[in-house]
Amino acid sequence: MITVSGRRFHLRGANYSYVFEADGAGYLLHLYFGRRIADEDISFLAAPCFLSFSPEPPDALSPAFSLDTEPQEYGCYGQGDFRRPALVFVREGGRASNLRYEGYELTSDAVPAGLPHVRGGETLAVKLRDTLADVRVTLFYTVNDDSDVLVRHAEIEAGEDLVLERVFSFSLDLPAGDYDVLRLHGRHLAERIPCRTALGHGLCRIESSRGASSHQMNPFLAVMGRDASEDSGDVYGFGLIYSGSFALEAERCQTDVRVQGGLNDLGFSWRLKKGEVFTAPQAMLAWSSSGMGGLSRVYADFFRTHILPPERVFSPRPIVINNWEATYFDFDTPALLKLIDEAAALGIDTFVLDDGWFGARSDDHRALGDWYVNCEKLAGGLDPVIAHCKERGMKFGLWFEPEMISENSDLFRAHPGWAVGTPPRCKSRDQYVLDLSRPEIVDYIYNCMAKLLQLHDISYVKWDMNRHLTEFCGEKSGGREGEFAHRYMLGVYALAERLAKNFPGVFFEGCSGGGGRFDAGMLYYFPQFWTSDDTDPFERAKIQWGTSYAYPMSAMSCHVSASPNHQTGRETLLSARGHIASLGATGYELDLGKLSAEEKEAVKAQIIAYREVEDLILRGDLYRLSDPFGSNVFAELAVSKDKTRAYAVGMVERFIPSDYNRRLRLKGLDENKRYHVRELGLTLHGSTLMHAGLLLPKLHDLETWVWHIEQV
Ligand code: DGJ
C-alpha cells in the first residue's frame with residue numbers, strides 16, 4: 001500500500017513501513033524502514049542538527065541543515081554530503097549535483113526496460129530535478145501487499161550531454177547504531193559461504209567486477225542489529241535483480257549508516273546524450289523482525305511469488321540424469337542409450353545431454369559457438385537419442401553455453417571479431433566470451449538455439465557460463481568501454497527473454513561453472529540454477545545452507561553424484577547424497593551402470609521419497625536448525641505453509657564418542673498441533689518438538705537422517 005500525504009510517502013508491505021519525505025527545500029529525506037507504524041508526521045526524526053565540518057548547501061533553510069548529516073533517500077555528490085553518493089555524473093559544468101523533489105506518480109507499469117524485474121505490485125515514481133544540471137532522476141518504489149520486500153530502482157534522464165560515472169539502484173540512510181553485516185562469499189566449488197562481521201566505521205563494500213554476479217561474491221547483503229540471531233531481531237536484506245558486475249555498500253558514517261548498491265561503478269561510465277534515459281536494475285530491500293531465518297523466508301516467498309517464472313515455480317520438477325560426471329566428453333550414442341535405459345528403470349524422467357555434443361567438441365579446448373550436432377559422436381544426430389528417451393517414457397534436455405566462443409571453432413574462424421576484447425585476450429578454460437553487447441550476435445546465437453529447439457523434441461535446456469569477462473570492450477565498442485559490462489548483460493537478458501518467451505514448453509536451468517551466477521536476475525528466467533559443481537554432500541550441505549539465506553530451496557538444483565566424489569575424492573553413503581540432494585530440485589549425475597543392484601533399488605526408493613516431500617521443497621518454509629559452519633551438525637527443516645507437515649534432513653560431520661543425548665529443537669510448527677515423527681515412532685505436540693526437542697540420532701561420520709513429520 002502506498003500512502004501519499006503532501007510530500008510524505010508511506011509505503012507498506014505485509015508487515016513493514018518505509019517512510020520518506022521531501023522537506024521544505026525539496027530534499028528527499030529518509031525517515032524510517034522497519035516494522036509497520038501509523039501514518040503520521042515523523043519528520044522530527046530528520047531534524048537538522050548542527051555538526052562542525054558538515055557544510056550547509058547554498059540555499060539551506062536552516063544553518064543546522066547539512067546534506068552530510070541528514071538521512072538521504074538518494075545521496076548525491078558535491079554539495080556537502082561526504083558519504084558515498086548514489087549518483088555521480090560529469091558534464092561540462094562539473095560533477096556536482098543537487099536533486100530536489102518535483103512530484104510523483106502512482107503507476108502499475110514501471111518495469112525497467114530490458115531487465116529482469118519484480119512481477120506485480122504498485123509503484124510510486126518520485127521525480128527529482130537537479131538544480132545544478134539539466135538532469136531528472138526518477139526513483140521507483142514497487143510495493144506488494146503480500147510481501148516484506150520493497151523493490152527500488154532509479155532512472156536518469158539527461159537534459160544535456162553528460163557521462164554517468166555511478167548510478168546506484170537504491171540508497172538509504174539507516175539510523176546510527178551498532179550493526180553487523182552478512183555477505184555470501186565463495187569460490188568455484190564453494191559458493192555462498194555466509195560471513196557475518198561487525199560493521200565498523202568506514203566502508204563495507206562487496207562487489208563483482210567479473211561481468212557476472214560470480215561465485216566469489218553474491219549480490220546480497222544483510223544488515224542487522226548486533227543482537228539479531230537466526231530466529232530473532234531486526235534484519236534488513238539488500239539483494240539485486242541483476243547478474244553482472246555489481247556493488248553493494250554499507251558505510252558507517254559519523255551520524256548514520258548508508259546502504260546502497262547497484263551496478264559496479266568500477267570501470268563504469270555511460271554516455272547520455274540530451275534526451276536519453278538510463279535505467280538502473282532493480283534492488284530488493286527486505287525486512288524481518290525474525291532474524292536471518294525470517295529474512296530468508298521473506299525472500300523465499302518473494303522469489304516464488306514475484307520473481308521466478310510463474311508457470312514453473314510450483315510445478316513438480318523434472319528429475320534428471322545428467323551425463324556430465326557419468327561420461328564427461330567421452331560418449332557416443334550407444335553409451336547414452338545405455339545410461340537412458342538405466343535411468344528409465346529407476347524412475348528418472350529426463351535425460352540431459354551435457355557438454356560435448358556439438359561441433360568438434362572432444363574436450364574443453366574447442367568448438368564453443370559451433371551449435372550443430374557432432375554426428376561422428378552421435379550417429380544419426382540427436383534424434384535417435386531423443387527417440388530412445390521417448391520409448392522409455394523420458395524427456396530430453398540439452399546443454400548450451402550460449403555466451404562463449406572457442407578460438408578453435410568454426411565460429412571464431414569466421415568471425416574473430418565476435419569475441420569480447422581485442423588481441424591479445426585473456427583466456428579462461430581456453431575460451432573467450434562472445435560479444436553479446438551486439439544485437440546481431442545475440443540474433444545469431446538465438447537462431448542457432450531456436451533451430452535446434454524447433455527441430456528436436458527438447459524439453460529442458462541447461463544454460464552454462466564457464467568463464468568471467470576480463471576485457472570490457474569489443475570490435476565495435478569504440479570509446480564506450482565503460483558501458484560494455486552492462487550492455488553485455490542486456491544482451492544476455494535479451495537472449496534469455498526471447499528463448500523463454502518463444503519456447504514456453506522448455507524448462508530452463510541456469511548454471512555457471514556450478515553456482516557462479518546464482519542471482520535474482522537469472523532466476524527471473526530460470527526456475528532453478530545449478531547450485532555448485534561440488535556435489536560432495538558434506539560440502540553441498542554447507543553450500544545449500546549459505547544459498548538458503550537469500551534464495552528459495554526450489555531454486556537450487558541438487559544432484560546425487562558418485563562416491564568417491566569427483567571434486568573432493570571423499571567417500572559418502574548414497575543415502576547421504578540423496579538426503580542432501582532432496583533439499584532442492586533433485587536429480588542424478590553419475591554412471592548409473594556402475595551402481596550395484598542394491599544401490600539401484602535405493603535410487604528408486606529415493607525418487608519415490610523425493611516426490612513425497614517435493615511440495616514441501618517447492619512451497620514450504622525453510623527453517624535452519626543446526627549450522628554446519630559453527631557446529632558438528634547440519635540440520636534443516638521444511639514446513640508446509642499450513643503447518644500440517646514437515647521434513648527434516650540432518651548430517652553429522654564427525655562421530656564424537658559418548659556424545660549422546662544431544663537435543664535438536666524443531667522450529668516453525670504449530671505449538672498446539674500434535675505431530676507424528678515417522679522414523680522415531682513418536683507423537684508429540686508442536687510445543688514439545690520445538691521447545692524440548694528431539695534427540696539427535698547416533699550417527700557416524702557424514703551420516704545423515706531424515707524425519708517425516710505429520711499432523712495427527
Ligand atoms: C560446468 C557445469 O557446472 C557442469 O555441470 C558441466 O555442465 C560443465 N560445465 C560442462 O562443461
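User: Which order do the strands take in the open sheet of four strands, and which pairing do they show?

Analyst: In this predicted model, the open sheet of four strands follows the order 1-2-3-4 with antiparallel pairing. Strand 1 (2-5) and strand 4 (28-35) each have a single partner strand and stand at the edges, so one side of each lacks a neighbour in the sheet. From one strand to the next, the twist averages 15 degrees.

User: How many bridges join strand 2 to strand 3?

Analyst: Strand 2 (residues 8-12) and strand 3 (residues 16-22) run antiparallel and are joined by five bridges. To locate the register, one may begin at Arg12, which stands opposite Ser17 in strand 3.

User: Let us turn to strand 32. How many of its residues are buried?

Analyst: Burial is read from relative accessible area, with under 20% counting as buried. Strand 32 (residues 633-639) is mostly covered, seven of its seven residues being buried. Val633, Ala635, Leu637 and Val639 point one way, Phe634, Glu636 and Ala638 point the other way, and all are buried.

User: In which sense does strand 32 pair with strand 31, and what joins the two?

Analyst: Strand 31 (residues 621-626) pairs with strand 32 in the antiparallel sense, over five bridges. A hairpin of six residues makes the connection from strand 31 to strand 32. Within this pairing, Ser626 has Ala635 of strand 32 as its bridge partner.

User: How many bridges join strand 32 to strand 33, and which residue in their hairpin takes a positive phi?

Analyst: Strand 32 and strand 33 (residues 645-652) run antiparallel and are joined by seven bridges. Val633 has Val652 of strand 33 as its bridge partner. The hairpin of these two strands has five residues between the strands, and there Lys643 takes a positive phi near 60 degrees.

User: How should two packed helices be described? Which angle and distance apply to helix 10 and helix 11?

Analyst: The description rests on the angle between the axes and the distance between them. For helix 10 (residues 574-581) and helix 11 (residues 597-619), the axes come within 11 Å and cross at roughly 20 degrees. Angles under 35 degrees count as roughly parallel, and helix 10 and helix 11 are therefore roughly parallel to each other. The crossing of helix 10 past helix 11 is right-handed. Where they meet, helix 10 contributes Leu574, Ser575 and Gly578, and helix 11 contributes Glu599, Ala602, Val603 and Gln606.

User: Why is helix 9 described as largely enclosed? Which residue caps its N-terminal end?

Analyst: Helix 9 (residues 537-547) has 10 of its 11 residues buried, so it is largely enclosed by the rest of the structure. Among the buried residues are Phe538, Arg540, Lys542 and Trp545. Asp536 provides the cap at the N-terminal end of helix 9, with a side-chain oxygen 2.8 Å from the backbone nitrogen of Phe538.

User: Finally, is Glu483 buried or exposed, and where is it found?

Analyst: Glu483 lies in the loop between strand 26 (460-463) and helix 7 (484-502). Its relative accessibility is 2%, so Glu483 counts as buried.

User: What does the side chain of Glu483 reach, and which residues does Glu483 touch?

Analyst: The side chain of Glu483 reaches the backbone nitrogen of Arg271 at 2.8 Å. Leaving aside residues up to four places away in sequence, Glu483 touches Ser269, Trp270 and Arg271.

Technical notes:
Residues are numbered from 1 along each chain as its sequence is written. This is a predicted model: local features need pLDDT of at least 70, side-chain atom pairs count only at pLDDT 80 or more; totals for chains, interfaces and linings use all residues. Side-chain values use heavy atoms; hydrogens and water are left out. Buried means under 20% relative accessible area, exposed over 50%, partly exposed in between (1.4 Å probe, protein chains only). Two strands pair if DSSP finds at least two bridges between them. A polar contact is a pair of N or O atoms within 3.5 Å; within protein, one must be able to donate a hydrogen and the other to accept it, and residues adjacent in sequence count only if both atoms are side-chain atoms. Axes are lines fitted to C-alpha atoms, for helices over the stretch in contact, and angles run from 0 to 180 degrees between N-to-C directions. Angles under 35 degrees count as roughly parallel, over 145 as roughly antiparallel, 65 to 115 as roughly perpendicular and the rest as oblique. A crossing is left-handed if the near helix is turned anticlockwise from the far one by less than a right angle, and right-handed if clockwise. Contact means heavy atoms within 4.5 Å.
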